[in-house]
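Biologist: Could you take me through this model and explain how each feature is to be read?

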Amino acid sequence: PLHVVHSWSIPLPPVGLGPAPVGLSDDRIRDAAQAVLDDAVTRLQATAPDVTITGTLYPGTPSAALLDAAEQATMVVVGSSGLDRVTEFILGSVTQQVVTHAPCPVAVVPSREGDEPGLEAGRVVVGIDGSVLSVDATRLAFEEASLRHAGLTLLHVWNSPDYDTAGIVMPDPFLLEE
């Protein structure tokens, strides 16, 4: 099954403190958001008639909607951010908030034009550290790469020895050979 979540909220007008100018009502914004959701579900159902597709309209921010839906999800898939860098820095991106707080695996799919299918296009990348969690992450990465016929990169990195003061090396907690 596919569950589509669409969030809506009242945009804050660019005014100082005091009464806000007259704008769209809650009902009109909610109705417009519902129309977007209904259209998306209809188009998806036409594309995949054998898939059960449902939709939920969520009053609130996109990150809150996704995190709420993630409570019942096996995986959350998000696209790359649509904000400019300044806004993203101040507010934080939806992707960043979901990746940080989701209780399930999160896949981030950037929008890149011109990618040709194949092992080198759209590779799946997973960071590993040898922990039980990274074993689970590796298993999921293999499954996703296999489903997409995509290449897989396992990335394991570590910091070089720490330096305390000029020329004094702190003991390394593990041997490089390990």
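The dialogue below goes from the core to the surface and then to a loop.

Modeller: This is a predicted model, in which local features need pLDDT of at least 70, side-chain atom pairs count only at pLDDT 80 or more, and totals for chains, interfaces and linings use all residues. Residues are numbered from 1 along each chain as its sequence is written, and side-chain values use heavy atoms, with hydrogens and water left out.

Biologist: Which residues form the largest nonpolar core?

Modeller: A nonpolar core is a set of buried Ala, Val, Leu, Ile, Met, Phe, Trp, Tyr and Cys residues joined through side-chain atoms within 4.5 Å, where buried means under 20% relative accessible area, exposed over 50%, and partly exposed in between (1.4 Å probe, protein chains only). Here the largest one has eight residues, namely V4, W8, I29, A33, L37, V41, I53 and L57. Its largest share, four residues, comes from α1.

Biologist: Which nonpolar surface patch does L2 help to make?

Modeller: Patches are made of residues with over 30% relative accessible area and no salt bridge (a side-chain nitrogen of Lys or Arg within 4 Å of a carboxyl oxygen of Asp or Glu), with like charges joined within 9 Å and nonpolar side chains (Val, Leu, Ile, Met, Phe, Trp, Tyr) within 5 Å. L2, L44 and V51 make one of about 190 Å², and L2 counts as partly exposed because its relative accessibility is 36%.

Biologist: What is the phi of H149?

Modeller: Most residues other than glycine have a negative phi. H149, although not a glycine, has a positive phi of about 55°; this residue lies in the loop between α5 (132–148) and β6 (152–155), and its 63% relative accessibility is why H149 counts as exposed.

Notes:
Accessible areas come from the Shrake-Rupley method with a 1.4 Å probe; for residues, only the protein chains shown count as cover. Helices (H or I, at least four residues) and strands (E, at least two) are DSSP runs, numbered from the N terminus.
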